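Here are some short exercises to help you find your way around a new structure. Try each task yourself before reading its solution.

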Amino acid sequence: MPVSARLVAFVSVLLLAGCSKAPDSQSAPTGDAGPQTEASVATTAPIALSNASVQLPAVPGRPAVAYFTLTAGPGAHGALVSVKVAHFARAELHESRMEGGAMTMSPVESLPITPGKAIVFAPGGLHVMLFDGDGAIKPGDSAALTATLDDGRTLTAQAAVIAQGAGAM
């Protein structure tokens with residue numbers, strides 16, 4: 001295999017490491033969302049964020065990953081277009097999925113909000129890749145996670161900061 005092909009394969013493995021399946025101690029979200037994180041929108045807003053977490057990378061300087069649930073009430077509309085997390089210069093919406101027996105990861109431009117449905121960001125599926133962390137946060141801290149909708153509305157939740165491989169708090 002040529003050196004360039006080996007380099008591409010190696011970089012792909014490193015990028016997908018942040019998209020790996022949930023550790024055994026972390027279960028995928030179910031219909032019971034557990035403790036809710038309040039969103040900083042009016043109490044009548046039909047869209048809310050909950051279960052937010054930031055998983056730090058195993059290797060400093062590599063991307064971190066954020067997970068959360070966006071719950072849309074019956075009157076909800078619009079689309080999720082971006083997420084920003086304090087202490088990180090850049091964030092990208094991504095989706096991991098199996099294609100032809102291999103795990104692939106691709107960017108997502110926006111996600112339509114369906115009334116009465118939740119958009120779940122979890123290992124092995126939708127997630128937010130976080131780049132260029134400032135190194136100021138550590139496991140046990142929290143970081144503001146702000147979701148922006150296509151009409152400019154924002155929702156903010158405090159995300160629990162966890163180590164790579166640790167269960168969600």
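**Exercise 1. Find the element that holds Asp-132, then describe this residue's backbone and surroundings.**

Solution. Start with the location: Asp-132 belongs to strand 8. Keep in mind that you are looking at a predicted model. Next, check the backbone: Asp-132 has a positive phi of about 60°, although it is not a glycine. Finally, turn to accessibility. The relative accessible area of Asp-132 is 56%, and exposed means over 50%, so Asp-132 counts as exposed.

**Exercise 2. Go through the same steps for Asn-51: which strand is it in, and is it buried, partly exposed or exposed?**

Solution. Asn-51 sits in strand 1. Its phi is positive, at about 50°, and Asn-51 is not a glycine. With a relative accessible area of 28%, Asn-51 falls between the 20% and 50% limits, so the residue is partly exposed.

**Exercise 3. Return to strand 8 and decide whether His-127 is buried or exposed.**

Solution. First, place the residue: strand 8 covers residues 126-133, and His-127 is part of it. The relative accessible area of His-127 is 2%, and buried means under 20%, so His-127 is buried. Now look for a partner of its side chain. A polar atom of the His-127 side chain lies 2.9 Å from the backbone oxygen of Gly-125.

**Exercise 4. Work out which strands build the largest nonpolar core.**

Solution. Begin with the members. The core has 33 residues, and those touching the most other members are Val-54, Phe-68, Leu-80, Val-83, Val-85, Phe-121 and Leu-145. Then sort by element: strands 1, 2, 3, 4, 7, 8, 9 and 10 each supply at least two residues of this core. Strand 2 gives the most, with 5 residues. As background, nonpolar side chains in soluble globular proteins tend to be buried together. For a closer view, take Phe-121. Leaving aside neighbours within four places in sequence, Phe-121 is in contact with residues including Tyr-67, Phe-68, Leu-80 and the His-127 of the previous exercise.

**Exercise 5. Find what Thr-148 touches beyond its neighbours within four places in sequence.**

Solution. Thr-148 lies in strand 9, which runs over residues 142-149. Its contacts beyond those neighbours are Ala-79, Leu-80, Val-81, Ser-82, Arg-153 and Thr-154. Now compare positions along the chain: Thr-148 and Val-83 are 65 residues apart, yet their C-alpha atoms are separated by 6.1 Å. Thr-148 has a relative accessibility of 21%, which lies between 20% and 50%, so the residue counts as partly exposed.

**Exercise 6. Describe the lining of the second largest pocket: how many residues does it have, and which lie nearest the centre?**

Solution. The pocket holds about 260 Å³ of space. It is lined by 17 residues, and Pro-57, Gly-61, Arg-62, Gly-133 and Gly-135 lie nearest its centre. Two elements, strand 4 and strand 8, give two or more residues to this lining. Strand 8 gives the most, with 4 residues. Sorted by class, the lining has 9 nonpolar, 4 polar and 4 charged residues.

**Exercise 7. Step back and say how many helices and strands the protein has.**

Solution. There are 1 helix and 10 strands. In sequence order, the pattern is α-β-β-β-β-β-β-β-β-β-β. Of the protein's 169 residues, 33% are buried. Among contacts with a separation of 6 or more, 67% join residues 24 or more positions apart.

Terms used
Residues numbered from 1 in each chain as written. Predicted model: local features only at pLDDT ≥ 70, side-chain atom pairs only at ≥ 80, totals over all residues. Heavy atoms only, no water. Buried < 20%, exposed > 50% of the residue type's maximum accessible area, 1.4 Å probe, protein only. Contact = heavy atoms within 4.5 Å. Polar contact = N/O pair within 3.5 Å; in protein donor to acceptor, adjacent residues only side chain to side chain. Core = buried A, V, L, I, M, F, W, Y, C linked by side-chain atoms within 4.5 Å. 1 Å grid on protein atoms, 1.4 Å probe; cavity = no way out; pocket = protein on both sides within 12 Å on 5 of 7 lines; lining within 4 Å. Points joined across faces, edges and corners; volume = space filled by probe spheres on them. Nonpolar A, V, L, I, M, F, W, Y, C, P; charged D, E, K, R; others polar.
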